[in-house]
Amino acid sequence: MGGPAGVVEHLFRHSAGQIVATLARTLGPARLDLAEEAVADAIEQALRTWPHDGVPRNPRGWLFRAARNRALDVLRREQTLRAKLPLLAALDPETERSGDAELAMILLCCHPDLPQTSQVALTLKTVGGLGVNEIASALLTKPATVAQRLARAKRWLRGAGPLELPPPEELPGRVDSVLSVLYLLFTEGYDATSGDEAVRGELCGEAIRLGRLLLADPRTDLPDARALVGLLLLQASRLPARVDDAGDVLLLAEQDRSKWDHAMIAEGTRTFGAACTGTELTAYHVEAAIALCHVAGDTDWPRILSLYERLVELRPSPVVRLNRAIALAMVRGPRAGITELERLQQDPRLAGYRLLPAALGELWFRAGEPGRAAACYRAALALPGSEPQRRLLRRRLADCVPSGQ
C-alpha cells in the first residue's frame with residue numbers, strides 16, 4: 001500500500017465512511033459535521049504519527065478510537081451533548097457493527113425528501129469519503145455548487161431524527177431511492193459526460209461497493225437491488241477494455257474481450273440469477289439481461305431487441321427507445337433503425353443529447369450514405385461531451401470524408 005501514507009489512504013477510501021456513520025448514529029444526524037471532523041482529525045493524526053511510530057497492528061481500530069476520542073473531547077465542551085458521552089465512550093471498534101450504521105447512513109443520504117443532486121453529493125461525501133473538490137470533479141460541477149448542495153442537505157439532516165434503518169414497510173421505497181442514486185453514479189462513471197477521461201472508475205467502484213452493502217443485509221437484499229448490482233458488475237466487467245492506451249473510447253465491437261474481467265462477469269451472472277428467483281420484474285432485471293447478452297460469446301441481437309421491447313414497457317424513456325432503435329438496426333438493417341431515430345428527433349427531451357446524432361451517423365454510414373453520416377457526426381460534435389467521446393466522433397467523421405476534403 002506504499003507505507004504509512006498508503007495505509008492511511010486505503011483506510012480513508014474504505015473505512016472513513018463506516019466510522020463516520022457509526023459515530024453519527026450515536027451523535028445523531030444533526031451532528032454529522034462533528035463525526036466527519038473527528039474522522040478527518042484522526043486521519044491527520046495518523047499521517048503525522050505513523051511515519052515515525054509505525055503503522056499499528058489494527059490500523060482501522062486505531063483510527064476509530066482516535067476519531068471517537070476526538071468527538072469525546074468536543075462533547076465535553078458542549079453542554080447540550082454531554083448526555084451522549086457514555087454512549088460514545090462505550091463504542092468499541094472490535095464489536096461495533098459498522099455495516100448497520102453505514103447502511104442506515106446510505107438510506108438517510110438518499111432520502112426521497114432530498115433533491116437527487118443533493119442525495120448524490122451527500123452519499124459521496126459522507127459514505128464514499130470524497131472531498132468537495134473530488135465530488136465536483138467526479139460530477140463535473142463547481143466545488144462551490146457541491147458545497148451549497150451539501151450545506152442544504154445537512155440543514156435538512158438536523159430534523160431527520162435518529163440514524164437508524166426505516167421501519168420495514170418503508171424500506172422498499174427507500175431502497176428504490178438508493179438504487180436510483182447508485183445507477184446515476186455508475187452511469188456517470190461508465191460514460192463521463194464531459195472532461196478529459198472517458199471513464200471514471202472510482203464512481204463505478206463506489207456504486208458497486210454500496211450496492212453490495214445493500215445485499216449484505218437481509219432487510220435490503222431485495223430482488224431489484226440484486227438485479228441492479230448484477231447489472232453494474234456485468235457492465236463494469238468491460239471497463240478494462242473500454243478505452244485504449246491513449247484513453248480513446250473503444251466501441252463494443254472494437255474491444256479486446258480477453259481484457260474483460262471474467263471473475264466480475266461470473267459474479268454479475270450469479271447476482272442477477274439470484275434476482276430472478278421470484279416473480280418481480282423491474283427495469284433493472286431487463287437491463288441486466290441485456291448486459292448479460294453483451295458479454296456472451298456471440299451477441300444475440302434478436303434477443304436483445306425483444307428485451308428492449310420489454311424495457312420500453314417498463315421504462316418508456318426516449319433514451320431506452322434510442323437504444324431499442326440501435327438493436328432494431330442490428331436485426332433488420334440500418335434503415336429500420338434510422339426511421340425510429342428520426343422519429344425520436346422530434347422528442348424535446350433529446351434536444352442536445354449527443355448520442356442521438358452520433359447513432360444516426362453510425363447507421364447512415366452503415367447504410368452507405370457517408371455524406372448524411374458526416375452531417376450527423378458534425379451535429380454531435382457541436383454538442384457537449386467528454387474529450388475522448390469527441391475524439392471518437394472525429395474519427396468516425398474522418399471515415400466519412402475522403403482525404404483532402
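Where is Thr220 found? Thr220 sits in the loop between α11 (201-215) and α12, and we will come back to its surroundings below. Welcome to a short tour of this predicted model. The protein has 20 helices and zero strands, and buried residues account for 50% of its 405 residues. Of the contacts between residues at least 6 apart in sequence, 64% join residues at least 24 apart.

**Two loop residues**

- Thr220, in the loop between α11 and α12, is buried, with a relative accessible area of 0%.
- Not counting residues up to four places away in sequence, Thr220 touches Leu103, Leu171, Val175, Leu214 and Ala225.
- Arg354 is also a loop residue, placed between α17 (334-344) and α18 (355-366).
- Is Arg354 buried or exposed? Its relative accessibility is 10%, and because buried means under 20%, Arg354 counts as buried.
- Leaving aside neighbours within four places in sequence, the contacts of Arg354 are Ala380, Leu383, Pro384, Gly385, Gln389 and Leu393.
- One of these partners, Leu383, is 29 residues from Arg354 in sequence, yet their C-alpha atoms are 5.8 Å apart in space.

**Aromatic pairs**

- How many aromatic pairs does the structure hold? There are three, and two of them are described here.
- In the pair of Trp50 and Trp62, the ring centres are 5.1 Å apart and the planes stand at 70°; over 60 counts as edge-to-face, so this pair is edge-to-face.
- This pair links distant parts of the chain, with Trp50 in helix α3 (residues 32-53) and Trp62 in helix α4 (residues 59-77), twelve residues apart.
- Trp50 is buried at 2% relative accessibility, whereas Trp62 is partly exposed, with a relative accessible area of 21%.
- Tyr183 and Tyr284 have ring centres 5.9 Å apart and planes at 45°, so their pair is tilted.
- Tyr183 belongs to helix α10 (residues 171-190) and Tyr284 to helix α14 (residues 283-294), so the pair ties together parts that are 101 residues apart in sequence.
- Tyr183 is partly exposed, with a relative accessible area of 25%, while Tyr284 is buried at 11%.

**Arginines over rings**

- Tyr183, already met as a partner of Tyr284, also has Arg315 over its face, at 5.3 Å from the ring centre.
- What lies over the face of Tyr190? Here the residue is Arg242, at 4.2 Å from the ring centre.

**Helices α12 and α14**

- The axes of α12 (residues 223-236) and α14 come within 8 Å and cross at roughly 25°.
- Angles under 35 degrees count as roughly parallel, and α12 and α14 are therefore roughly parallel to each other.
- Their crossing is left-handed.
- Which residues make the contact? From α12 come Pro223, Asp224, Ala227, Leu228, Leu231, Leu234 and Gln235. From α14 come Tyr284, His285, Glu287, Ala288, Ala291 and Leu292.
- Tyr284 thus appears in two settings: it is among the α14 residues in contact with α12, and its ring pairs with that of Tyr183.

Conventions
Residues are numbered from 1 along each chain as its sequence is written. This is a predicted model: local features need pLDDT of at least 70, side-chain atom pairs count only at pLDDT 80 or more; totals for chains, interfaces and linings use all residues. Side-chain values use heavy atoms; hydrogens and water are left out. Helices (H or I, at least four residues) and strands (E, at least two) are DSSP runs, numbered from the N terminus. Buried means under 20% relative accessible area, exposed over 50%, partly exposed in between (1.4 Å probe, protein chains only). Contact means heavy atoms within 4.5 Å. Rings of Phe, Tyr and Trp (its six-membered ring) pair if their centres lie within 6.5 Å; planes under 30 degrees apart count as stacked, over 60 as edge-to-face and the rest as tilted. A charge sits over a ring if NZ of Lys or CZ of Arg is within 6 Å of the ring centre and within 35 degrees of the ring normal. Axes are lines fitted to C-alpha atoms, for helices over the stretch in contact, and angles run from 0 to 180 degrees between N-to-C directions. Angles under 35 degrees count as roughly parallel, over 145 as roughly antiparallel, 65 to 115 as roughly perpendicular and the rest as oblique. A crossing is left-handed if the near helix is turned anticlockwise from the far one by less than a right angle, and right-handed if clockwise.
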